[in-house]
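Q: Could you walk me through reading a few features of a model like this one? I'd like the general idea each time, and then the case at hand.

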Amino acid sequence: MTIDTRSLGFGSGERAVYAADPWATRGRLVPEGSSLTRSEFQRDRDRIVHTTAFRRLKHKTQVFIGVDGDHYRTRLTHTIEVAQIARALARALKLDEDLAEGVALVHDFGHTPFGHTGEDALHECLQPYGGFDHNAQSLRIVTKLERRYAEFDGINLTWESLEGLVKHNGPLVDKIGAGTRGPVPQPILDYCELNDLELSSFASLEAQVAAIADDIAYNTHDIDDGLRSGYLTFEMLEDVPFLAAMMQEVRAKYPHLEPARFANEIMRRQITHMVEDVIGVAQDRLSLLKPQSATDVRQADHVIATFSPDMMETDRAIKKLLFSRIYRHPDIMEIRAGAARIVTDLFHAYMADPSQMQSHYWVSHIAGLSEAAKARHVGDYLAGMTDTYALKAHRRMFDHTPDLG
């Protein structure tokens, strides 16, 4: 993929015409005065970083549950890596870096303890009441569940940040309102009744670069963590031609490199190649589309920030490797089964006796709720837990807690 380096925005401070404009934001659900020192998207990013939900990410699983070791990625370190890549892409494409970074920082707020395992378990528990979706939960957190301000629930983000949170992976409905990836979670539909996020259009280019940055980050760091854990070997990486070529390049340049440095050199090259690929594709698509505003980006009939066909094939090959060697490894599946049991046990225990939640707010606000509302309330409480808190709660309430070590 060829990149036009003349049009890159490195350090220029120039914003492209198709970038989101913080001075022309569609505003906040609850109107507020402007800041003398920060743009509206800077304020959003800062609010995201100061939330309880952001701090909790440090003890939430990415792939390897935290008790496995201190050096594995957590949901927080993953989020920081995504934000770094998103900001780099935004700068290269002359976008609003603060909006791109904010969407990256908030995109995983709704994840449960124990990663996707916890999400699947909580979805099963909440299936009779509409199920659970971590993206919808992220929206609930920033519009309802965070309690920091005197005048509103949530953190009152701008329309653009909320749009990016909800639609960073593309439109949720087609032009006739049918779900593009199944039914739209009810919390998202409910919020759109108050503040229409235009679910049938693409999100801003800032949100798109945050989404592809997520893929780049976890494709890379899951390999790194896999090598560290022993579930992956350099020999296994040879099955992916893209990775094999980079290993050959590193071996040729550094024939006696120790394994840890060798792995890092591979990861560095992987990120660089993927970032440059996305920039090249985006430049090509922008040159054809010729958008004159962020609205033109939203109204396009295709994503702009994505991989080339060759890199898409590499992306699929890497994901296949990760699923077969790590995510579905018998040892990991056994740990996942234990984690799912913890989440399921806690849900049913709190439904049977809400006082077990041991929080005045959560207990006092459950009285008088319908069964469905009660289940959602318990789901909110559970989804907010860290791995460590969930383990502690389970050990307090049950005679035996699965060993996740």
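Q: Let's start with accessibility: does Gln 358 count as buried or exposed, and why?
A: First, keep in mind that this is a predicted model. The idea is to compare relative accessible area with two cut-offs: under 20% is buried, over 50% is exposed, and anything in between is partly exposed. Gln 358 has 54% relative accessibility, so it counts as exposed. You'll find Gln 358 in the loop between helix H15 (330-352) and helix H16 (360-364). Its phi is near 55°, a positive value in a residue other than glycine.

Q: Which other loop residue has a positive phi, near 50°?
A: That's Lys 290, again a residue other than glycine. Lys 290 sits in the loop between helix H12 (259-289) and helix H13 (294-298). With 57% relative accessibility, Lys 290 counts as exposed.

Q: What about the other end of the scale, say Ile 326: buried or exposed?
A: Ile 326 has 0% relative accessibility, so it counts as buried. This residue belongs to helix H14 (residues 309-327).

Q: How many residues of helix H4 are buried?
A: For a whole helix, go through it residue by residue. In helix H4 (residues 97-106), 10 of its 10 residues are buried, so "mostly covered" is the label by the under-20% cut-off. Among them are charged ones such as Glu 97, Asp 98 and Glu 101, next to Leu 99 and Val 103.

Q: Which helices do those buried residues pack against?
A: They pack against helix H1 (40-49), H2, H3, helix H6 (134-145), helix H7 (159-167) and helix H9 (205-229).

Q: Staying with H9, what does His 221 touch?
A: His 221 lies in helix H9 and is buried, at a relative accessible area of 1%. Leaving out residues up to four places away in sequence, His 221 touches Gln 62, Arg 73, His 78 and Glu 81.

Q: Now salt bridges: how many are there in the whole structure?
A: The general idea is that side chains of opposite charge can pair when their charged atoms come close. A search of the whole structure finds 32 salt bridges.

Q: Where do Glu 198 and Arg 26 lie in the chain?
A: Their side chains meet in a salt bridge at 2.7 Å, N to O. Glu 198 is in the loop between helix H8 (186-194) and H9, while Arg 26 is in the segment before H1, so the pair ties together parts that are 172 residues apart in sequence. Glu 198 is partly exposed, with a relative accessible area of 29%, and Arg 26 is partly exposed too, at 41%.

Q: And Arg 298 with Glu 163: are they buried or exposed?
A: Both are buried. The closest N and O atoms of this salt bridge are 2.7 Å apart. The pair links distant parts of the chain, with Arg 298 in helix H13 and Glu 163 in helix H7, 135 residues apart.

Q: What does a salt bridge inside one helix look like, as with Arg 269 and Glu 265?
A: An α-helix has 3.6 residues a turn, so residues three or four places apart point the same way. Arg 269 and Glu 265 both lie in helix H12, 4 residues apart, about one turn of the helix. Their closest N and O atoms are 2.5 Å apart, and both residues are buried.

Q: Which residues are joined into one network by salt bridges that share partners?
A: Arg 38, Arg 45, Asp 46, Arg 87, Arg 91, Glu 97, Asp 98 and Glu 101.

Definitions and conventions: Residues numbered from 1 in each chain as written. Predicted model: local features only at pLDDT ≥ 70, side-chain atom pairs only at ≥ 80, totals over all residues. Heavy atoms only, no water. Helix = DSSP H or I, 4+ residues; strand = E, 2+ residues; numbered from the N terminus. Buried < 20%, exposed > 50% of the residue type's maximum accessible area, 1.4 Å probe, protein only. Contact = heavy atoms within 4.5 Å. Salt bridge = Lys/Arg side-chain N within 4 Å of Asp/Glu carboxyl O.
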